[in-house]
Amino acid sequence: MSAQLNLDDLVHYTDWERQQWQVWFGRHGQEVLKISAGAHGDGRFQTIGDLLRHVFSAEKRYIERLAERPLTDTAAIPNDNIDALFQFGQQSRQAFKEFLASFPLNAWDVPAEFKMMNNSLTATPRKILVHVLLHEIRHWAQIATLVRLNGLAVEFHDFLFSPVLGGEFKGGKRKA
């Protein structure tokens, strides 16, 4: 069986997802960014603001790796400012889209080695780009869980309820 889903579908979905979250954070204010990411993480992310910065940083830095450019130091992006975080997210997404549009078709499945921290990763650009989008989707689900556990409601963000690939959701909206 061959069902066709292309990278553009996931880009459109994550664009929609980002827009939904930006509105949600705008309604709830900067304090939400300070919600704890939990006590048993790996130490990289203490707050939801850290997670947001990480999502957008990963996108930016993977594109820089694929384009063989120096990596951006994203530590200066404030993790406690909704506008700054989502502006950075717009910049990282623009770079992602530009890379997709210009990357040669014959290079999508050519493995390359990348140095990441003290590790080495060999992967194709196709795999890395799919990873970037799935990585973001996973972290949005994590953020949704964290805010729910802190007593805040979140509207439906599932792919099924998005406008991507058509259809329409006519159910009642949850309070957010």
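These are my notebook entries on helices, salt bridges and a few loop residues in a predicted model.

**Entry 1. Helix α2**

I started with helix α2, which covers residues 48-66. I count 19 residues in α2, and the span from first to last C-alpha is 27 Å. That is close to the 27 Å expected at 1.5 Å a residue. I then looked at burial. In α2, 18 of the 19 residues are buried, so I note the helix as mostly covered.

Inside α2 I looked up one charged pair. D50 and R53 form a salt bridge, with 3.4 Å from N to O. D50 and R53 sit three residues apart in α2, which means about one helical turn between them. As a reminder to myself, an α-helix has 3.6 residues a turn, so residues three or four places apart point the same way. Both D50 and R53 are buried.

**Entry 2. α2 against α3**

Next I checked how α2 packs on α3. Their axes come within 9 Å and cross at roughly 25 degrees. Angles under 35 degrees count as roughly parallel, so α2 is roughly parallel to α3. The crossing of α2 past α3 is left-handed. On the α2 side I listed the contact residues as G49, L52, R53, F56, S57, E59, K60, I63 and L66. On the α3 side they are L85, F86, F88, G89, S92, R93, A95, F96 and F99. R53 therefore appears both in this contact and in the salt bridge with D50.

I picked S92 for a closer look. S92 lies in helix α3. Its relative accessibility is 0%, so S92 counts as buried. Apart from neighbours within four places in sequence, S92 is in contact with R18, F56, E59 and K60.

**Entry 3. Salt bridges**

How many salt bridges are there? I find eleven.

One of them joins R18 and E136, with the closest N and O atoms 2.8 Å apart. R18 is in helix α1 (residues 7-28) and E136 is in helix α4 (residues 125-149), so this pair ties together parts 118 residues apart in sequence. Both R18 and E136 are buried.

E136 has a salt bridge with R93 as well, and here the closest N and O atoms are 2.9 Å apart. This pair links distant parts of the chain, with E136 in α4 and R93 in helix α3 (residues 82-102), 43 residues apart. R93 is buried, and so is E136. Following shared partners, I get one network of salt bridges made of D15, R18, E59, R93, K97 and E136.

**Entry 4. α1 against α4**

With R18 and E136 noted, I turned to the helices that carry them. α1 and α4 pack at an angle of about 30 degrees, and their axes are 10 Å apart. That makes α1 roughly parallel to α4. α1 passes α4 in a left-handed crossing.

From α1 the contact residues are L7, L10, V11, Y13, T14, E17, R18, W21, W24 and F25. From α4 they are L129, V130, L133, E136, I137, W140, I143, A144 and V147. R18 and E136 are both in this list.

**Entry 5. Positive phi**

Most residues other than glycine have a negative phi. I therefore wrote down two residues that go the other way.

E68 is not a glycine, yet its phi is positive at about 55 degrees. It comes just after α2, in the loop between α2 and α3. Is E68 buried or exposed? At 74% relative accessibility, E68 counts as exposed.

M117 has a positive phi near 55 degrees, again in a residue other than glycine. Its place is the loop between β1 (112-116) and β2 (119-123). With a relative accessible area of 72%, M117 is exposed.

**Entry 6. T47**

My last lookup was T47. T47 lies in the loop between α1 and α2. At 16% relative accessibility, T47 counts as buried, since the cut-off for buried is under 20%. What does T47 touch, beyond residues up to four places away in sequence? I list L33, K34, I35, S36, A37 and N79. I also took one distance: T47 and T124 are 77 residues apart in sequence and 32 Å apart in space, C-alpha to C-alpha.

Technical notes
Residues are numbered from 1 along each chain as its sequence is written. This is a predicted model: local features need pLDDT of at least 70, side-chain atom pairs count only at pLDDT 80 or more; totals for chains, interfaces and linings use all residues. Side-chain values use heavy atoms; hydrogens and water are left out. Helices (H or I, at least four residues) and strands (E, at least two) are DSSP runs, numbered from the N terminus. The expected span of a helix is 1.5 Å times one less than its number of residues. Buried means under 20% relative accessible area, exposed over 50%, partly exposed in between (1.4 Å probe, protein chains only). A salt bridge is a side-chain nitrogen of Lys or Arg within 4 Å of a carboxyl oxygen of Asp or Glu. Contact means heavy atoms within 4.5 Å. Axes are lines fitted to C-alpha atoms, for helices over the stretch in contact, and angles run from 0 to 180 degrees between N-to-C directions. Angles under 35 degrees count as roughly parallel, over 145 as roughly antiparallel, 65 to 115 as roughly perpendicular and the rest as oblique. A crossing is left-handed if the near helix is turned anticlockwise from the far one by less than a right angle, and right-handed if clockwise.
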